[in-house]
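The two exercises below are meant to be worked through with the coordinates open. Each gives a task and then a solution in steps.

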Amino acid sequence: MADTLHVPHPPRILAFAASTRSASFNRRLARVATECVRQAGGDITLIELKDYPMPLYEGDLEAAEGIPEQGKRLKALLAEHQGLLVVSPEYNGFITPLLKNTLDWLSRPDGDQDGLALFRDKLALVLSASPGALGGLRSLTLARQLLTNLGVMLMPDSLAVGRAHEAFGDDDTLKDARQQAKLQGMAAKFVTTLQTLNPR
Ligand SMILES: Cc1cc2nc3c(=O)[nH]c(=O)nc-3n(C[C@H](O)[C@H](O)[C@H](O)COP(=O)(O)O)c2cc1C
């Protein structure tokens with residue numbers, strides 16, 4: 001009998017940018033990274049956080065109304081994915097309130113479901129873009145720390161795209177070929193690591 005060709009299964013990755021601005025550089029970078037992950041064989045779902053609007057987390061609101069409907073939708077979506085691609089702007093050296101608020105709501109328990117169970121065994125890749133020279137580098141450390149606190153594993157490399165206003169080509173690529181190749185390499189490693197962590 002002929003050997004069955006082993007085709008690694010595509011890991012599922014949920015991607016979003018932590019900016020909802022229409023001309024957002026981080027949304028643009030999320031699209032570039034999504035394409036890189038797709039080319040590397042990942043099954044990636046790119047969502048817009050604008051489609052999941054949630055109020056600022058507040059304990060009394062949670063006690064009275066529970067997790068917002070959009071938060072429940074996002075929780076259900078995240079549960080279907082093994083990987084997380086987060087692309088966040090830097091605000092005053094920090095991550096955006098949108099990223100913090102989104103992850104805060106997602107981390108809350110829903111009924112008898114432990115909130116952090118959702119994040120356990122997930123693997124994340126974190127990127128940022130900024131018109132500034134450093135590309136939001138300082139926020140990357142904080143995004144990584146926040147995800148680690150939730151129990152998410154992190155890919156060792158992150159990418160900060162500086163001078164973002166002139167970084168993107170007309171197609172969904174980075175103009176700097178070296179930077180584009182770096183992102184492609186990171187995406188490929190992300191996909192293979194997810195396959196290793198989630199053998200079928
Ligand atoms: C409140 C605020 C603080 C900011 N702080 C930083 C900063 O610390 N570092 C930086 O590189 N850019 C900073 N910026 C500029 C953002 O990088 C820039 O607005 C960027 O375009 C936001 O991301 P977006 O294009 O994805 O919406 C700041 C912008 C705002 C609104």
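**Exercise 1.** By class, how many nonpolar, polar and charged residues are in the shell around the ligand? Then identify the closest residues and describe the polar contacts that the ligand makes with E90, N92 and S130.

*Solution.* Bear in mind from the outset that the model is predicted. Step one is to sort the shell by class, which gives four nonpolar, six polar and three charged residues. Step two is to list the neighbours: 13 residues surround the ligand, and the closest are R21, S24, E90, N92 and S130. Step three takes the ligand atoms in turn, beginning with a nitrogen that lies 2.6 Å from an N or O atom in the side chain of E90. A ligand nitrogen is also found 2.7 Å from a polar atom of N92, which here belongs to the backbone, while a ligand oxygen lies 2.6 Å from a side-chain N or O atom of S130. Of the 630 Å² that the ligand exposes when taken alone, the protein buries 69%.

**Exercise 2.** Compare the length of helix α6 with its expected span, and describe its cap and its buried residues.

*Solution.* Start with the length: α6 runs over residues 177–197, and because its 21 residues should span 30 Å at 1.5 Å a residue, the 30 Å between its end C-alpha atoms agrees. Next, at the N-terminal end, D176 acts as a cap, with a side-chain oxygen 2.9 Å from the backbone nitrogen of R178. Finally, the buried residues of α6 include L183, M186, A187, F190, V191 and L194. An α-helix has 3.6 residues a turn, so residues three or four places apart point the same way. The buried residues of α6 pack against β1, α1, β3, β4 and β6.

Definitions and conventions. Residues are numbered from 1 along each chain as its sequence is written. This is a predicted model: local features need pLDDT of at least 70, side-chain atom pairs count only at pLDDT 80 or more; totals for chains, interfaces and linings use all residues. Side-chain values use heavy atoms; hydrogens and water are left out. A residue is near a molecule or strand if one of its heavy atoms lies within 4 Å of it. A polar contact is a pair of N or O atoms within 3.5 Å; within protein, one must be able to donate a hydrogen and the other to accept it, and residues adjacent in sequence count only if both atoms are side-chain atoms. Accessible areas come from the Shrake-Rupley method with a 1.4 Å probe; for residues, only the protein chains shown count as cover. Ala, Val, Leu, Ile, Met, Phe, Trp, Tyr, Cys and Pro count as nonpolar, Asp, Glu, Lys and Arg as charged, and the others, Gly among them, as polar. Helices (H or I, at least four residues) and strands (E, at least two) are DSSP runs, numbered from the N terminus. The expected span of a helix is 1.5 Å times one less than its number of residues. Buried means under 20% relative accessible area, exposed over 50%, partly exposed in between (1.4 Å probe, protein chains only). Contact means heavy atoms within 4.5 Å.
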